[in-house]
Amino acid sequence: MEGSVEKTAAAVEAAAGVYRIALGVEYKGSRYAGFQRQQPGVRSVQESLETALTRVAGGSPVSLRCAGRTDALVHACGQVVHFDTPVSRSSHAWVMGANANLPADISVTWARSMPSEFDARFSAKSRRYRYVIYNDQIRPAHMGEEVTWNHRPLDVGRMRQAAEALVGTHDFSAFRAQQCQARSPVKTVHHLQLTRFGKFIVIDIRANAFLHHMVRNITGVLMTIGAGERPIGWAREVLESRLRRQGGVTAHPYGLYLVQVEYPDEFKLPERYLGPHFLSGLPDCMESAWPI
């Protein structure tokens, strides 16, 4: 069924002389100034992808739209992009051709021909992030650019209780960056869950949309509470203040991953296991504790 849907979409687009292609993308963001294309000489994930895909398209320029414009140094396991092209290639060719031309820290995981009404950004129903904290007195020699190190002992129970105040539909002005361009600060957080695996603490948050720095600002508040430096009720106080200056420190970008973008079932996009991938090797008894 999935293959027939893809072929139908491709046939319709071909008749119009253009194909709309959706891609799944993962990347390590630590060497990039964010997803969005920047000024010349500044590395971005978008520019790297567009350069690679243009080569696959035989020189026909490719311009991408993404589901979420991740910030500098932020990672992704489940980014979704789309582009329009007059060039016909199989899904396999788009994936393998792109990866052959991409740097090692960016990978295309799947490709699908889509109907013209699909939009990677505006068709999305929700987005999901995970923030990974390495909680130990000694900084990690490995994965230093893929987790956030916090030397203070963090009480996950306190952090969970504080997080409850942030679930639901709220004005998240206190958790948005000053440069945020969103029209409304009102967002709906569907879930906000915390899990500890040994020295790793994973914050899992899913919402209809996110403000600029929203996840990192929430994480900064929860870590402060977990360290015992503020009471559990402080998260609600910050939320209700609607003032960014009440919210404390913005957590480092290294620990943040865009792990999933959800779309209406009619688009039938491929599903992959949730990241970040370096945690997938945990014993089954631990891995089963991931929120689903």
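Mentor: Buried means under 20% relative accessible area, exposed over 50%, and partly exposed in between, with a 1.4 Å probe and protein chains only. This is a predicted model, in which local features need pLDDT of at least 70 and side-chain atom pairs count only at pLDDT 80 or more, whereas totals for chains, interfaces and linings use all residues. Residues are numbered from 1 along each chain as its sequence is written, and side-chain values use heavy atoms, without hydrogens and water.

Trainee: Are Phe118 and Tyr263 buried or exposed?

Mentor: Rings of Phe, Tyr and Trp (its six-membered ring) pair if their centres lie within 6.5 Å; planes under 30 degrees apart count as stacked, over 60 as edge-to-face and the rest as tilted. Phe118 and Tyr263 form a tilted pair, 5.2 Å centre to centre with 50 degrees between the planes. By the accessible-area criterion, both Phe118 and Tyr263 are buried.

Trainee: Which residues form one aromatic cluster with Phe118?

Mentor: Phe118 lies in the loop between β4 (106-114) and β5 (126-135), 145 residues apart from Tyr263. The aromatic cluster that includes Phe118 is completed by Tyr263 and Phe267.

Trainee: Which side chain of opposite charge is nearest to Arg176?

Mentor: Lys and Arg count as positive and Asp and Glu as negative, while His and the chain ends are not counted. A salt bridge requires a side-chain nitrogen of Lys or Arg within 4 Å of a carboxyl oxygen of Asp or Glu. Arg176 is buried yet has no salt bridge. At 6.2 Å away, the nearest side chain of opposite charge is Asp171.

Definitions and conventions. Helices (H or I, at least four residues) and strands (E, at least two) are DSSP runs, numbered from the N terminus.
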